[in-house]
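I pulled this one up to see how its pieces fit together. These are my notes, in the order I looked things up.

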Amino acid sequence: MAQIETKVKAATVAAYLGSTALLADLTAVQNQPGLVSWMPGWLAPFVLSLIPTAITAVAGYQARHTPRPDLIPPVATVKPLEP
């Protein structure tokens, strides 16, 4: 089984934590509609979904790349041309 790349792990954890935090915040302020009343009702879900998306993107960008030596293409040898 192939190793899961660090970037994928970081982005997965960030998406989970970001979504959980957003849901917790929304639950805490559900009786205070004034926090999102400044934007149209159809726009609010899209704007709120950008929060975990941004967290995921930053986590994936910041995480280190996992080297995969099994994916390195073999080096081709070239024979010199004969006159």
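Before anything on packing, I fixed the term: contact means heavy atoms within 4.5 Å. I also kept in mind that this is a predicted model.

**Entry: helix α1**

I started with α1, which covers residues 6-28. Does its span agree with what 1.5 Å a residue should give? I worked it through: the 23 residues of α1 should span 33 Å, and the end C-alpha atoms are 33 Å apart, so the two agree.

Next I asked which residues of α1 are buried. I found Ala 11, Ala 14, Gly 18 and Leu 22. What do these buried residues pack against? Their partner is α2.

**Entry: the outside of α1**

I then looked at Tyr 16, which is found in helix α1. Is Tyr 16 buried or exposed? Its relative accessible area is 58%, and exposed begins over 50%, so I put Tyr 16 down as exposed. Tyr 16 also belongs to a nonpolar surface patch with Val 13 and Leu 17. Together I have these three at about 330 Å² of accessible area.

Ala 15 lies in helix α1 too. I get 28% relative accessibility for Ala 15, so Ala 15 counts as partly exposed. I also checked Ala 15 against Ala 63: they are 48 residues apart in sequence, and 14 Å separates them in space, C-alpha to C-alpha.

**Entry: helix α2**

Helix α2 runs over residues 44-62, which makes 19 residues. I have 28 Å from its first C-alpha to its last, close to the expected 27 Å at 1.5 Å a residue. Where does α2 kink? I found a kink of about 25 degrees at Ile 51, shortly before the proline Pro 52.

Pro 52 came up again when I listed the buried residues of α2, along with Ala 44, Ala 59 and Gly 60. I noted that the buried residues of α2 pack against α1.

Ala 57 has its place in helix α2 as well. I read 48% relative accessibility there, and since over 50% would be exposed, Ala 57 counts as partly exposed. How far is Ala 57 from Leu 22 in space? I get 16 Å, C-alpha to C-alpha, for a pair 35 residues apart in sequence.

**Entry: the loop**

Last, I went to Leu 43, in the loop between α1 and α2. With 27% relative accessibility, Leu 43 counts as partly exposed, because buried means under 20%. I also looked up Leu 43 and Lys 79: they sit 36 residues apart along the chain, and their C-alpha atoms are separated by 63 Å.

Note on methods:
Residues are numbered from 1 along each chain as its sequence is written. This is a predicted model: local features need pLDDT of at least 70, side-chain atom pairs count only at pLDDT 80 or more; totals for chains, interfaces and linings use all residues. Side-chain values use heavy atoms; hydrogens and water are left out. Helices (H or I, at least four residues) and strands (E, at least two) are DSSP runs, numbered from the N terminus. The expected span of a helix is 1.5 Å times one less than its number of residues. The bend at a residue is the angle between axes fitted to the seven residues ending there and the seven starting there. Buried means under 20% relative accessible area, exposed over 50%, partly exposed in between (1.4 Å probe, protein chains only). Patches are made of residues with over 30% relative accessible area and no salt bridge: like charges are joined within 9 Å, nonpolar side chains (Val, Leu, Ile, Met, Phe, Trp, Tyr) within 5 Å. Accessible areas come from the Shrake-Rupley method with a 1.4 Å probe; for residues, only the protein chains shown count as cover. A salt bridge is a side-chain nitrogen of Lys or Arg within 4 Å of a carboxyl oxygen of Asp or Glu.
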